[in-house]
Amino acid sequence: MHQSPEPYDRFVRMLHETKEFLRTRLDISFITFNYDLALDFALLYQGSLGGFSYHLSDETDSQTMPLLSSTGRSIGEYVVDAIRSSHVILAVSPFEVRGG
Amino acid sequence: MNESVILDLGTNIHVQQHCGEPLNRVPVIVPPTWSKGSQYKDLGRVWAKAAAELAAAENIFVVGYSMPETDSFFRYLYALGSQSTTKLRRFWVFDPDPDKSVEQRMKTLIGQGIERHAFNFIRNTFEDATGIFQREIMSAI
């Protein structure tokens, strides 16, 4: 059973709750510099934010949240996409999360 | 020396699919060097997209990334992404940073202009940052 670390699940749940509360599309991008898939798993298995894209091809759906990785992990791809009205960018480095 | 070494790390990767196609079981690993250059051209569009997202962002939250001196890639990426007319409202960094070195590196990166009007350094972890994120995202949208 794939599972992301709890802080990541909690983070994605928070985004989902915020989206539901605001009743709007969140304009968020994730840029990640790490090799693990913690954020990927949280976004994939919670599945509540409408999908995300690694932008590995030119045909990427512009409606999905970018999850962009400097390390190019191929199953997934460091913390930043978003949603188009206010662009929030988040850089997350899971290896440096204390107690995570 | 330019040798290809196949690391068969993902025994179950090939059973996963992306856009209906099985994933390549040979993973792509890009070492944490400053130059992620021509040998990784297939990833160029990802990094270009990252720079574009940085350029379009009004709010940037950096979580758990200490921007080590040895990793210049983020500096270059940020430099590209900061060439923009978009007004940056927040550049917030979350890190325990016990010796304050991360804060100093971030300030050096962004410059005095952004430090004055958009920079905030919060000494806590990713877990502890979630509540703050929620508040700030709601006020940003």
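In this predicted model, B:Asn59 is part of strand β3 of chain B, which covers residues 59-63. The relative accessibility of B:Asn59 is 0%, so the residue counts as buried, the cut-off for buried being under 20%. Its side chain has a polar partner: the side chains of B:Asn59 and B:Arg90 make a polar contact at 2.7 Å.

A second buried residue of chain B sits in a helix. B:Val102 belongs to helix α3 of chain B, residues 101-117. With a relative accessibility of 4%, B:Val102 is classed as buried because the value is under 20%. Leaving aside residues up to four places away in sequence, B:Val102 touches B:Tyr65, B:Ser66, B:Asp95, B:Asp97 and B:Phe121. From the C-alpha atom of B:Val102 to that of B:His117, 15 residues apart along the chain, the separation is 19 Å.

Two helix pairs, one in each chain, come next. Two packed helices are described by the angle between their axes and the distance between the axes.

| Helix pair | Residues | Angle | Axis distance |
|---|---|---|---|
| α1(B) and α2(B) | 44-56 and 73-81 | about 55 degrees | 7 Å |
| α1(A) and α2(A) | 6-22 and 38-46 | about 50 degrees | 9 Å |

How are α1(B) and α2(B) oriented to each other? Their angle of about 55 degrees lies outside the ranges for roughly parallel (under 35 degrees), roughly perpendicular (65 to 115) and roughly antiparallel (over 145), and the two helices are therefore oblique to each other. The crossing of α1(B) past α2(B) is right-handed. On the α1(B) side the contact involves B:Trp47, B:Ala50, B:Ala51, B:Leu54 and B:Ala55, and these meet B:Phe73, B:Leu77, B:Tyr78, B:Leu80 and B:Gly81 of α2(B). By type, the residues of this contact are 9 nonpolar, 1 polar and no charged.

In chain A, α1(A) and α2(A) pack at about 50 degrees and are therefore oblique to each other as well. Here too, α1(A) passes α2(A) in a right-handed crossing. From α1(A), the contact takes in A:Tyr8, A:Asp9, A:Phe11, A:Val12 and A:Arg13; from α2(A), it takes in A:Ala38, A:Leu39, A:Ala42, A:Leu43 and A:Gln46. The residues of the contact between α1(A) and α2(A) comprise 7 nonpolar, 1 polar and 2 charged.

Definitions and conventions. Residues numbered from 1 in each chain as written. Chains lettered and ligands numbered in written order. Predicted model: local features only at pLDDT ≥ 70, side-chain atom pairs only at ≥ 80, totals over all residues. Heavy atoms only, no water. Helix = DSSP H or I, 4+ residues; strand = E, 2+ residues; numbered from the N terminus. Buried < 20%, exposed > 50% of the residue type's maximum accessible area, 1.4 Å probe, protein only. Polar contact = N/O pair within 3.5 Å; in protein donor to acceptor, adjacent residues only side chain to side chain. Contact = heavy atoms within 4.5 Å. Axes fitted to C-alpha atoms, helices over the stretch in contact; angles between N-to-C directions. Left-handed = near helix turned anticlockwise from the far one by under 90°. Nonpolar A, V, L, I, M, F, W, Y, C, P; charged D, E, K, R; others polar.
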